[in-house]
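Here is a short report for someone new to reading protein models. Look at the sequence and the structure first, then follow the text from one contact to the next.

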Amino acid sequence: MALKKSNKSSSQSAAIKQILKKCSSFGKKSGYDENSHLHDVPKGHFAVYVGQNRSRYIVPISLLTHPEFQILLQRAEEEFGFNNDMGLTLPCDEHVFCSLLRICS
């Protein structure tokens with residue numbers, strides 16, 4: 001009996017791939033080429049912007065697999081879309097995001 005992938009996990013996987021592609025394209029827009037890395041974003045991490053002041057956080061890519069973070073990503077896509085020049089902006093208060101980081105780490 002073959003196992004069938006659910007539509008939910010397929011759509012989550014597609015969303016994660018789109019996010020990673022978008023995150024890796026930020027440097028290209030800033031004048032970096034494919035072989036360069038942004039100096040303040042270590043390999044295996046990406047930047048997100050949170051809260052009213054759009055505070056910048058560098059978070060590990062492993063955060064993408066946490067269900068709570070995936071909910072935030074879905075809300076971000078609904079509110080801002082992923083094809084914007086604002087960076088990956090998460091629609092939540094900064095203190096809520098910091099709590100999420102503690103839970104997920």
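The side chains of Thr89 and Arg54 make a polar contact, at 2.5 Å. This is a predicted model. Thr89 belongs to strand β3, which covers residues 89–90. Thr89 has a relative accessible area of 7%, so it is buried. Leaving aside neighbours within four places in sequence, Thr89 is in contact with Tyr49, Arg54, Ala76 and Phe80.

Arg54 deserves its own look. Arg54 lies in the loop between β1 and β2. Its relative accessibility is 33%, so Arg54 counts as partly exposed. The charged end of Arg54 sits over the ring of Tyr49, 4.6 Å from the ring centre. The backbone is notable too. Most residues other than glycine have a negative phi. Arg54 is not a glycine, yet its phi is positive, at about 55°.

**The hairpin**

What do β1 and β2 form together? They form a hairpin, with four residues between them. Gly51 in the turn has a positive phi of about 85°. The two strands run antiparallel, and six bridges join them. Within this pairing, Phe46 stands opposite Val59 in β2.

In a regular strand the side chains alternate between the two faces of the sheet. β2 shows this alternation. Ser55, Tyr57 and Val59 point to one face and are buried. Arg56, Ile58 and Pro60 point to the other face and are not buried.

**The core**

The largest nonpolar core has 18 residues. Among those with the most contacts inside it are Phe46, Val59 and Phe69. Val48, Val50, Leu90 and Phe97 are also in that group. Which elements give two or more residues to this core? They are β1 (45–50), β2 (55–60), α2 (67–79) and α3 (94–104). The largest share, four residues, comes from α2.

**An aromatic pair**

How many aromatic pairs does a search of the whole structure find? The search finds two. One of them joins Phe46 and Phe69. Their ring centres are 6.3 Å apart and their planes meet at 65°, so the pair is edge-to-face. The cut-off for that label is over 60 degrees. Phe46 lies in strand β1 and Phe69 lies in helix α2, so the pair ties together parts that are 23 residues apart in sequence. Both rings belong to buried residues: Phe46 has a relative accessible area of 4%, and Phe69 is at 0%.

**Between helix α2 and later residues**

Helix α2 also holds Glu68. Why does Glu68 count as partly exposed? Its relative accessible area is 39%, so it falls between the limits of 20% for buried and 50% for exposed. Not counting residues up to four places away in sequence, Glu68 touches Leu100 and Cys104. Glu68 and Ile103 are 35 residues apart in sequence. In space their C-alpha atoms are 9.3 Å apart.

The table gathers the accessibility values from the text.

| Residue | Relative accessible area | Class |
|---|---|---|
| Phe69 | 0% | buried |
| Phe46 | 4% | buried |
| Thr89 | 7% | buried |
| Arg54 | 33% | partly exposed |
| Glu68 | 39% | partly exposed |

Now return to the opening contact. Thr89 is buried, whereas its polar partner Arg54 is partly exposed. Arg54 also has its charged end over the ring of Tyr49, and Tyr49 is one of the residues in contact with Thr89.

Notes. Residues are numbered from 1 along each chain as its sequence is written. This is a predicted model: local features need pLDDT of at least 70, side-chain atom pairs count only at pLDDT 80 or more; totals for chains, interfaces and linings use all residues. Side-chain values use heavy atoms; hydrogens and water are left out. A nonpolar core is a set of buried Ala, Val, Leu, Ile, Met, Phe, Trp, Tyr and Cys residues joined through side-chain atoms within 4.5 Å. Buried means under 20% relative accessible area, exposed over 50%, partly exposed in between (1.4 Å probe, protein chains only). Two strands pair if DSSP finds at least two bridges between them. Rings of Phe, Tyr and Trp (its six-membered ring) pair if their centres lie within 6.5 Å; planes under 30 degrees apart count as stacked, over 60 as edge-to-face and the rest as tilted. A charge sits over a ring if NZ of Lys or CZ of Arg is within 6 Å of the ring centre and within 35 degrees of the ring normal. A polar contact is a pair of N or O atoms within 3.5 Å; within protein, one must be able to donate a hydrogen and the other to accept it, and residues adjacent in sequence count only if both atoms are side-chain atoms. Contact means heavy atoms within 4.5 Å.
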